[in-house]
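Welcome! Take a moment to look over the chain, then work through the exercises below at your own pace.

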Amino acid sequence: LIHSGPLPQPLLDGARAVPFLRANAAEFSIDPARVAGGGFSAGGLIALWLACHDDLADPASKDLLARQSTRLVCAAVSDAPTNLHAAEVYDWFNVPILKEFPSTKLCFEIQSLDELNQPRVIKLARESSPIHHVTSDDPPIYMSYRRALLPVTERTGPFTWVHHPMFGVKMRESLKTAGIESVLHYRHSEPPTQYRDGVDFVAQKLGVKKADPTPVQP
């Protein structure tokens, strides 16, 4: 699912990037209190993980970056998987197994899909899943998926099921239970009325006034 090495390193890399921005806010001319996250597919998973995970800042650290907050004001993602716990995902789709995603073995450092049921792997999968970190103090979330909410079978291709809107449906349920504002849009679903898209969502949450679109010349 993630190509930069075994989990949880890609997530921790993301958690390092946010403090880097905050520590260098003056150089980048940004407000360190207004940092949002976003991404597509694995990038979206990382953004959601940061949005939902407890703050990883260590105020007592001698490392300037480690002292910075990793929390986000909001997140807007596209085609993001929200759960890496295989058994739970199989249950969501009502299938005994799904076609292997190319980087699954790399992510979990396993040799076969049978190892996905090992306690070490399950623990790592849940720790790496945004949906298992949802709490009532999380920021608002916008999720979009390019595909329709269609059935998934054992024959469904890996790039189809891993970007399936079911991940958004289940994430939205968890966010709703926690009392967190969330927006979900996928093909053939009712479009949101308050936000034009994920960019508009982030702009509103950050208090950014967007200029009117440039008129198209005839």
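**Exercise 1.** Which residues are exposed on the other side of α6, away from its buried ones?

*Solution.* Before starting, note that this is a predicted model, in which local features need pLDDT of at least 70 and side-chain atom pairs count only at pLDDT 80 or more, while totals for chains, interfaces and linings use all residues. Residues are numbered from 1 along each chain as its sequence is written, and side-chain values use heavy atoms, leaving out hydrogens and water.

Step 1: find the helix. Helices are DSSP runs of H or I with at least four residues, strands are runs of E with at least two, and both are numbered from the N terminus. Helix α6 spans residues 119-127, and its buried residues are Val121, Leu124 and Ala125. Here buried means under 20% relative accessible area, exposed over 50%, and partly exposed in between (1.4 Å probe, protein chains only).

Step 2: see how they are arranged. These buried residues lie on the same side of α6, because they cover an arc of only 100° around the axis (the arc of the directions from the helix axis to the C-beta atoms).

Step 3: turn to the other side of α6, where Pro119 and Lys123 are exposed.

**Exercise 2.** Describe the sheet and the helices packed on it.

*Solution.* Step 1: read the strand order. Four strands make an open sheet, β1-β2-β3-β4, with parallel pairing; two strands pair if DSSP finds at least two bridges between them. At the edges are β1 (37-40) and β4 (182-187), each pairing on one side only.

Step 2: look at one pair. Strand β2 (residues 75-78) is joined to β3 (residues 141-148) by four bridges, and Ser78 has Ser144 as its bridge partner in β3.

Step 3: add the helices. Helix α3 (residues 42-52) packs on the sheet and touches β1, β2 and β3, its direction making about 155° with that of β1. Helix α8 (residues 166-177) lies across β3 and β4, at about 155° to β3. Contact means heavy atoms within 4.5 Å; axes are lines fitted to C-alpha atoms, for helices over the stretch in contact, and angles run from 0 to 180 degrees between N-to-C directions.

**Exercise 3.** Is Thr70 buried or exposed?

*Solution.* Step 1: locate Thr70 in the loop between α3 and β2.

Step 2: check its accessibility. Thr70 counts as buried because its relative accessibility is 4%.

Step 3: list some surroundings. Leaving aside neighbours within four places in sequence, Thr70 is in contact with several residues, including Ala15, Arg22 and Leu56. Its side chain reaches the backbone nitrogen of Leu56 at 3.0 Å.

Key. Polar contact = N/O pair within 3.5 Å; in protein donor to acceptor, adjacent residues only side chain to side chain.
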